Amino acid sequence: MKEKLFVLLIMICVTIMYPQTNKDKYEAINTYLSLIVKDTTKTIVVVKEKMSSNGALKLFSGGKLNDVPFSRVNGIEERLGGILEPLYDETDFQKMRKKYQDDTNEGKYELAKNANWSAKDFKLKNIYLEAFDTIMYKKGKELFDYKYHAQLIILSEPMYYKDKKHLVIAIAIGDTSPLGYFDDHVVVMKKINNRWQVIKIGEKYWVE
């Protein structure tokens with residue numbers, strides 16, 4: 001009987017803590033969106049599928065998804081991009097990679113197969129969710145029916161870094177122009193005075 005009560009207590013604690021964790025992480029996303037969306041009266045189209053955790057990890061590390069340290073020249077890492085030293089720490093990156101790397105859920109275009117955003121995750125009023133394939137079809141055919149020229153955004157699920165002291169969010173930004181491209185980068189945020197703030201934007205790295 002005691003064992004059943006203990007298990008039930010654990011389940012209740014997890015149920016309570018999980019929404020609070022998501023709320024904290026999504027607060028960071030909304031804080032960053034408020035910085036990059038300059039005109040909140042216009043439509044913001046968020047790709048329904050989340051960027052895969054693998055795509056986010058590669059943007060952070062400059063393309064690496066293994067436990068092999070970067071080679072060095074004169075003590076300096078040879079890097080292709082992403083978050084650089086000293087914020088990048090190999091031990092902390094490996095902890096994050098092993099926690100979030102998910103090959104089984106990685107779909108095409110660096111999007112997750114089974115992880116989608118909901119409109120309730122965002123505070124901006126003009127968020128419009130649409131599947132990536134639908135967006136690409138409309139871009140090619142110039143069939144967008146949004147009221148205004150729209151900003152397109154792909155977002156990853158935030159990942160904790162350095163023992164939850166930081167949050168890592170990958171983002172790709174484009175627009176509804178048929179010739180437009182997505183600009184991929186990663187940001188690192190830290191809670192300062194009880195508010196998530198951007199402390200670093202990763203060096204440009206093109207995800208293959």
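**Exercise 1. Find E110 and decide whether it is buried or exposed.**

Start with the location: E110 lies in the loop between α3 and β5 (111-116). This is a predicted model, so keep that in mind as you click around. Next, check the backbone: phi of E110 is positive, about 65 degrees, even though this residue is not a glycine. Most residues other than glycine have a negative phi. Now the accessibility: buried means under 20%. E110 comes in at 14% relative accessibility, so it counts as buried.

**Exercise 2. Do the same for D163: where does it sit, and is it buried or exposed?**

Go to the loop between β8 and β9, where you'll find D163. Its phi is near 55 degrees, again a positive value in a residue other than glycine. For the accessibility step, the cut-off for exposed is over 50%. D163 has 61% relative accessibility and therefore counts as exposed.

**Exercise 3. Work out how helix α2 runs relative to helix α3.**

Pick out the two helices: α2 covers residues 53-61 and α3 covers residues 90-100. Their axes come within 10 Å and cross at roughly 165 degrees. Angles over 145 degrees count as roughly antiparallel, so α2 is roughly antiparallel to α3. As for handedness, the crossing of α2 past α3 is left-handed.

**Exercise 4. List which residues of α2 and α3 meet, then sort them by class.**

On the α2 side, take S53, L57, F60 and S61. On the α3 side, their partners are F93, M96, R97 and Y100. Sorting this contact by class gives 5 nonpolar, 2 polar and 1 charged residues.

**Exercise 5. Say which residues of α3 are buried and what they pack against.**

Walk along α3 and mark D92, F93, Q94, M96, R97 and Y100, which are buried. Then look at the neighbours: the buried residues of α3 pack against α2, β8 (159-161) and β9 (166-175). Helix α2 should look familiar from the last exercise, where F93, M96, R97 and Y100 met it.

**Exercise 6. Inspect the start of α3 and the loop that leads there: which side-chain atom reaches a backbone nitrogen, and which peptide bond is cis?**

Take the helix start: a side-chain oxygen of D89 gets to within 3.1 Å of the backbone nitrogen of T91. Now step back to P86, in the loop between β4 (76-77) and α3. The bond joining E85 and P86 is a cis peptide bond, with omega about 5 degrees. For context, most peptide bonds are trans.

Technical notes:
Residues are numbered from 1 along each chain as its sequence is written. This is a predicted model: local features need pLDDT of at least 70, side-chain atom pairs count only at pLDDT 80 or more; totals for chains, interfaces and linings use all residues. Side-chain values use heavy atoms; hydrogens and water are left out. Axes are lines fitted to C-alpha atoms, for helices over the stretch in contact, and angles run from 0 to 180 degrees between N-to-C directions. Helices (H or I, at least four residues) and strands (E, at least two) are DSSP runs, numbered from the N terminus. Angles under 35 degrees count as roughly parallel, over 145 as roughly antiparallel, 65 to 115 as roughly perpendicular and the rest as oblique. A crossing is left-handed if the near helix is turned anticlockwise from the far one by less than a right angle, and right-handed if clockwise. Contact means heavy atoms within 4.5 Å. Ala, Val, Leu, Ile, Met, Phe, Trp, Tyr, Cys and Pro count as nonpolar, Asp, Glu, Lys and Arg as charged, and the others, Gly among them, as polar. Buried means under 20% relative accessible area, exposed over 50%, partly exposed in between (1.4 Å probe, protein chains only). A polar contact is a pair of N or O atoms within 3.5 Å; within protein, one must be able to donate a hydrogen and the other to accept it, and residues adjacent in sequence count only if both atoms are side-chain atoms.
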